[in-house]
Amino acid sequence: MSHPESQHGSMDLEHQEHHVVGPKVYLLIFFTLLVCTGLTTWVAFIDLGVLNPVIALAIACFKAGLVVLFFMHIHYSSKLLKLTVASGLFMFLVLITMTLSDYISRAWGLW
Amino acid sequence: MSSANTIVQLPDQSTAQLPRKHYLNQELGLKSWLLTGDHKRIAMLYLFSITFFFFIGGAFASLIRLQLLTPGSDLLAPDTYNKVFSMHGIVMIFLFLVPSVPATLGNFLIPIMIGAKDLAFPKINLLSWYLFVAGGLFILAAMILGGVDTGWTFTTPLSTHYLNTHVVTAALGIFIAGFASILTGLNFIVTIHRMRAPGMTWFRLPLFVWGHYAASILMVLGTPVLAITLVLVALERTIGIGVFDPTKGGDPLLFQHLFWFYSHPAVYIMILPGMAVISEVISTFSRKRIFGYTAVAFSSVAIAIFGFFVWEHHMFIMGVSNYSALVFSLLTMLVAVPSAIKIFNWSATLYKGSITFETPMLYAFGFLGLFTIGGLTGVFLGSMGMDVHLTETYFIVAHFHFVMVGGMLMAYLAGMHFWWPKITGRMYPEAISKLAAVVTFIGFIFTFFPQFILGYLGMPRRYASYPPEFQVLNVLSTAGASILAVGYLLPMLYMPWSLKYGKIAGNNPWQATGLEWQITSPPLTENFVETPIVDHEAYDYEWLANQTEHEVKTVG
Ligand code: HEM
Ligand SMILES: [Cu+2]
């Protein structure tokens, strides 16, 4: 069988220099995530009106960012990979904003 | 272009020989297929699987048309009819059309067209086939256990609250098959970025590769949303989480937003690879470079991007905001522009070309006419006022069958015939396959054109019975469907026949310019004896004519 991985171009895909991340960073991120989870739970019991979901989502986004940047190594990756992740985020924003165009104006009635 | 006015001499095939060693006989035995990393063999595995599912879907289609032969529900009970059209849609869309061209021809050809020995991740490619089969088995299980009747659209709250059929099993199957398509897309993107041969710049890529690149973007960015949406439906059904349930603060329309966020781009996942095939076929059989190469290449990417901004046109009558609908209606008009660019450029390519009418070209002509009608009726549906009248009628059914069957399936068959000599090393029988192409076209028109009229007159889709005054057009449609069935059965007979009795094709039976035509048919396992160095543009027929020896490297 052929080993196409070893042909031109592809080899650096699977053997790209891996930035070695020490356990310290992982532990730090892990505890930050735990603290954030605690924070989310705590805030949920305080009545802040519309701010409740806003804060919960903000914390969740922050946590997701940490996971993507450090656990998924994007912080140490090439520009192309960063761009790939960004395109996913962009599509997500399109999904949210275009959907909101319906929810925000649904109650306006007819023009 | 000077070569444009010479009718091309196709090579003499009487002396052509099969190479001694090629990807089909390199290794033998079932295991060598089931554990293969060769993109060409994986393409064949996919070909078998999707052909199987095409016939399952086709059987359901026949049941639908037979039921609608008469106004009453004479053949099937209404409940059963609901299951039949749902399973027809689910199988045809998720198990046939989405993988049709990319997983077979795309897998086979993309590495060869860019001068690589395989895709970037051969094992992930094989994994994608296993996922596809697993997803297919779940969907088959859902059918055998009693079926599912949500429609292919899994509309809430019908799917979450009211049905007792195998919704979760079917959704799970689609979920799994979805990952097959994500992995295929990922593999294509990485391959096209990283594995191009020296000299193969982005603007020397055949348009086939551009079309697949655009479709891959959609697969990777869109399919996860479908996966999440189906998981939410399953969770709603099983433990009632409430996202789509107004009594718990949810919104059934949220399901529609999420579902169509994937499913509108999904229609382009289905059509872009078809357009990719058409570019190759039209160039080859008019012996001209595709007119406006860059415009065609970029219009694929434009379709992929704009395709994400129009989904609400499926929801105009569902109670969405009027203001939002207005915006989406406008954007829908815009998304037809890149498709039109392609049609115009293909037509311009034909102009003063040395056109010949081999089977792939006949299918391509079918594509041009039928896709144009399908796309234009899409614009009707995209204008809000018209849509109120036409939505949920047979007009929609006709619209999407014109684009998906008249467009994509024609393109698929065009591609299958075009590359059959490359895949198998043998020619299909030309006369009977021309007949099949014509029969398909005639059958298609009779089946689906009456449905535009039926829809305009107000016959709703998805009902087992209809008022008697609609019968004449329905009988026409059913009669057309039986002609269409003949058109599809013919290739099923002569393609396998040609494996043994077809004329030996030689390397480049069509005198086409792609790299895939410069190697042996069937190709070697490693595709190229040495990495090709590309020094000419795509579709450069002068370059081809200047090659002293067309039958390069018949190394066996
Ligand atoms: C070229 C431009 C196109 C436009 C402007 C367009 C527009 C539309 C619109 C507005 C609808 C919704 C109608 C309604 O629900 O009331 C629709 C439905 C549909 N279109 Fe298109 N379309 C286009 C191309 C395509 C293509 C290329 C495909 C597939 C290959 C496709 C497949 C479908 C399907 C499957 C539906 C029906 C979905 C369902 O309700 O089951 N369309 N189209
Ligand atoms: Cu759409």
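In the classification applied here, Ala, Val, Leu, Ile, Met, Phe, Trp, Tyr, Cys and Pro count as nonpolar, Asp, Glu, Lys and Arg as charged, and the others, Gly among them, as polar. On this basis, the lining of the second largest pocket comprises 22 nonpolar, 16 polar and five charged residues. The structure is a predicted model, and the values reported below were computed from it.

The second largest pocket encloses about 1100 Å³ of space. Its lining is formed by 43 residues, among which B:Trp260, B:His314, B:Ile396, B:Phe400 and B:Arg461 are the closest to the pocket centre. Two or more lining residues are given by each of helix H3 (78-97), helix H9 (252-286), helix H11 (322-350), helix H12 (359-382) and H14 of chain B. The largest share of this lining, seven residues, is provided by H9(B).

Two metal centres were examined. The copper ion (ligand 2) is coordinated by three histidine side chains of chain B, through ND1 of B:His264, NE2 of B:His313 and NE2 of B:His314, at 1.9 to 2.0 Å. Along the chain, the donors of the copper ion follow the spacing H-x48-H-H. Two of these histidines fall into separate accessibility classes: B:His313 counts as buried because its relative accessibility is 12%, under the 20% limit for that class. B:His314, by contrast, has a relative accessibility of 26% and therefore counts as partly exposed. B:His314 is also one of the residues closest to the centre of the second largest pocket.

The iron atom of ligand 1 has a single protein donor, NE2 of B:His399, at 2.1 Å. B:His399 is placed in helix H14 (residues 394-424) of chain B, a helix that also gives two or more residues to the lining of the second largest pocket. The separation between the iron atom of ligand 1 and the copper ion (ligand 2) is 4.5 Å.

Beyond the iron donor, the surroundings of ligand 1 were considered. Ligand 1 is surrounded by 22 residues, of which B:Trp152, B:Asp387, B:Thr391, B:His399 and B:Arg461 come nearest. Polar side-chain atoms approach oxygen atoms of the ligand at several positions. In B:Asp387, a polar side-chain atom lies 2.4 Å from an oxygen atom of ligand 1. For B:Thr391, the distance between a side-chain N or O atom and an oxygen atom of the ligand is 2.5 Å, and for B:Arg461 the corresponding distance is 2.8 Å. B:Arg461 is likewise among the residues closest to the centre of the second largest pocket.

Enclosed spaces were also identified. Three cavities of 30 Å³ or more are present in the structure. The largest cavity holds about 140 Å³ of space and is lined by 17 residues, with B:Phe94, B:Val98, B:Pro99, B:Ala177 and B:Ser181 nearest its centre. Helix H4 (100-113), helix H7 (167-194) and helix H8 (207-239) of chain B each give two or more residues to this lining, and H7(B) supplies the largest share, six residues. By class, the lining of the largest cavity consists of 13 nonpolar and four polar residues, with no charged residue.

The second largest cavity has a volume of about 100 Å³. Its lining is made up of 13 residues, those nearest the centre being B:Thr513, B:Gly514, B:Leu515, B:His536 and B:Ala538. Seven of the lining residues are nonpolar, three are polar and three are charged.

Key:
Residues numbered from 1 in each chain as written. Chains lettered and ligands numbered in written order. Predicted model: local features only at pLDDT ≥ 70, side-chain atom pairs only at ≥ 80, totals over all residues. Heavy atoms only, no water. Donors = N, O, S within 2.8 Å, 3.2 Å for Na, K, Ca; no water. Buried < 20%, exposed > 50% of the residue type's maximum accessible area, 1.4 Å probe, protein only. Helix = DSSP H or I, 4+ residues; strand = E, 2+ residues; numbered from the N terminus. 1 Å grid on protein atoms, 1.4 Å probe; cavity = no way out; pocket = protein on both sides within 12 Å on 5 of 7 lines; lining within 4 Å. Points joined across faces, edges and corners; volume = space filled by probe spheres on them. Near = heavy atom within 4 Å. Polar contact = N/O pair within 3.5 Å; in protein donor to acceptor, adjacent residues only side chain to side chain.
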